Amino acid sequence: MLKLFQRLNDMGNTIVMITHDLNVAEHAGRVVRIVNGELFEGEE
């Protein structure tokens, strides 16, 4: 499934994925985390 998402993204599509799996999240170009109701981008 991740390969499909990557191909779609390479074609110019925006993909929004919600996951609890950090191994999946590391494939993303941008990761935003929600901690106690607050948004964080990048390292905590």
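**Exercise 1. Which pattern does the chain follow when you read along the sequence?**

Let's take it in steps, keeping in mind that this is a predicted model.

- Step 1: look for the pieces. The chain has two helices and two strands.
- Step 2: put them in order. Reading along the sequence gives α-α-β-β.
- Step 3: pin down where they sit. Helix α1 covers 2-10 and helix α2 covers 22-25. Strand β1 takes up 32-35, and strand β2 is made of residues 38-41.

**Exercise 2. Work out how β1 and β2 are joined, and what sits between them.**

- Step 1: check the direction. β1 and β2 run antiparallel, and four bridges join them.
- Step 2: find a facing pair. Val35 stands opposite Glu38 in β2.
- Step 3: go to the turn. The hairpin has two residues between the strands, and Asn36 takes a positive phi near 50° there.

**Exercise 3. Is Gly29 buried or exposed?**

- Step 1: locate Gly29. You'll find Gly29 in the loop between α2 and β1.
- Step 2: compare with the cut-off. Exposed means over 50% relative accessible area. Gly29 has 88% relative accessibility, so Gly29 counts as exposed.
- Step 3: see how far Gly29 is from Phe40. The two are 11 residues apart in sequence, and their C-alpha atoms are 15 Å apart in space.

**Exercise 4. Now try Arg33: where is this residue, and how accessible is Arg33?**

- Step 1: place the residue. Arg33 belongs to strand β1.
- Step 2: classify Arg33. Partly exposed lies between the 20% and 50% limits. Arg33 is at 36% relative accessibility, so this residue counts as partly exposed.
- Step 3: check the distance to Thr19. Arg33 and Thr19 are 14 residues apart in sequence, but 9.9 Å apart in space, C-alpha to C-alpha.

**Exercise 5. Which residues make the nonpolar surface patch, and where is Met17?**

- Step 1: name the members. Leu2, Ile15 and Met17 make a patch of about 210 Å².
- Step 2: find Met17 along the chain. Met17 lies in the loop between α1 and α2.
- Step 3: ask why Met17 can join in. Patch residues need over 30% relative accessible area. Met17 has 37%, so this residue, which is partly exposed, clears that limit.

**Exercise 6. Describe the chain as a whole.**

- Step 1: give the dimensions. The C-alpha trace spans about 35 × 20 × 15 Å along its principal axes.
- Step 2: look at burial. Of the 44 residues, 2% are buried.
- Step 3: look at the surface. The chain exposes about 4,400 Å², with carbon and sulfur atoms supplying 53% of that area.
- Step 4: tally the charges. There are 4 positive and 7 negative side chains, and the centres of the two sets lie 10 Å apart.

How values were computed:
Residues numbered from 1 in each chain as written. Predicted model: local features only at pLDDT ≥ 70, side-chain atom pairs only at ≥ 80, totals over all residues. Heavy atoms only, no water. Patch = residues over 30% accessible without salt bridge, like charges linked within 9 Å, V, L, I, M, F, W, Y side chains within 5 Å. Areas by Shrake-Rupley, 256 points an atom, 1.4 Å probe, with all protein chains shown as cover. Salt bridge = Lys/Arg side-chain N within 4 Å of Asp/Glu carboxyl O. Buried < 20%, exposed > 50% of the residue type's maximum accessible area, 1.4 Å probe, protein only. Lys, Arg positive; Asp, Glu negative; His and termini not counted. Charge placed at Lys NZ, Arg CZ, Asp CG, Glu CD. Pairing = 2+ DSSP bridges.
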